[in-house]
Amino acid sequence: MAAIICGAEETSEFLDVNKAKEREKQAEEFKEKANDHFKHQDFNKAIELYSEAIILNPNIATYYGNRSFAYLRTECFGTALVDATKAIELDKTYVKGYYRRAASYMSLGKFKLALKDYETVMKARPNDKDAKAKFMECNKVVKRLAFEKAIRVDENQKSVAETIDIDGMAIEDDYTGPKLENGDRKSVV
């Protein structure tokens with residue numbers, strides 16, 4: 001009787017492995033169909049098919065990375081960011097995940113975070129001209145924003161000259177230098 005139970009467990013494991021392989025195969029088929037729709041710029045259908053692949057096999061970084069790219073094309077930047085981040089969580093070496101997340105951050109105006117991801121891409125692919133161009137573009141934006149912040153004047157903040165209370169200043173009686181009379185600057189000889 002124990003042998004039959006043991007055999008039943010082995011059969012169950014075998015069926016589970018076969019089901020898993022079948023799900024993986026179906027997921028890849030959905031991904032391939034999604035890629036075709038993406039190539040034909042049918043991004044919404046591509047998103048739908050990548051989502052089906054993710055349901056069947058949620059541990060593949062490429063599915064999330066590809067869907068992130070499709071979301072970028074439909075200007076759903078927040079959702080693209082979520083998918084790119086998930087792709088990176090699943091595979092820290094998935095360079096396209098960093099690239100997609102950087103593009104999402106750029107689109108959302110989070111340039112410093114984008115720059116960090118572009119740096120990661122540059123380290124992984126130092127000869128990638130497109131990655132270098134995106135890094136340089138993002139770096140210029142970060143520097144420009146830092147410069148603008150440094151020279152920005154707060155409209156509500158008074159200048160130093162406006163804070164001087166001339167009427168409240170005490171001038172010593174023996175002062176012989178220039179004097180203001182009726183708002184005009186005159187020199188004493």
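**Exercise 1.** Is E28 buried, partly exposed or exposed, and what is its relative accessibility?

*Solution.* Keep in mind that we're working with a predicted model. The value for E28 comes out at 33%. Buried would need under 20%, and exposed over 50%. So E28 counts as partly exposed.

**Exercise 2.** Work out how E28 and K31 pair up, and how K31 sits relative to solvent.

*Solution.* Start with the contact: the two side chains meet in a salt bridge, 3.5 Å from N to O. Next, the spacing: E28 and K31 are 3 residues apart in helix α1 (residues 2-39), so about one helical turn separates them. Then check K31, which is buried at 13% relative accessible area.

**Exercise 3.** Run the same kind of check on K45 and E48.

*Solution.* Their side chains form a salt bridge at 3.1 Å, N to O. Both sit in helix α2, 3 residues apart, which means about one helical turn between them. As for accessibility, K45 is partly exposed at 29%, and E48 is partly exposed at 42%.

**Exercise 4.** Which parts of the chain does the D83 and R67 pair tie together?

*Solution.* First, the bridge: the closest N and O atoms of D83 and R67 are 2.5 Å apart. D83 belongs to helix α4 (residues 77-90) and R67 to helix α3 (residues 61-73), so the pair links parts 16 residues apart in sequence. Both residues are buried.

**Exercise 5.** How many salt bridges does the whole structure hold?

*Solution.* A full search turns up 6.

Note on methods: Residues numbered from 1 in each chain as written. Predicted model: local features only at pLDDT ≥ 70, side-chain atom pairs only at ≥ 80, totals over all residues. Heavy atoms only, no water. Salt bridge = Lys/Arg side-chain N within 4 Å of Asp/Glu carboxyl O. Helix = DSSP H or I, 4+ residues; strand = E, 2+ residues; numbered from the N terminus. Buried < 20%, exposed > 50% of the residue type's maximum accessible area, 1.4 Å probe, protein only.
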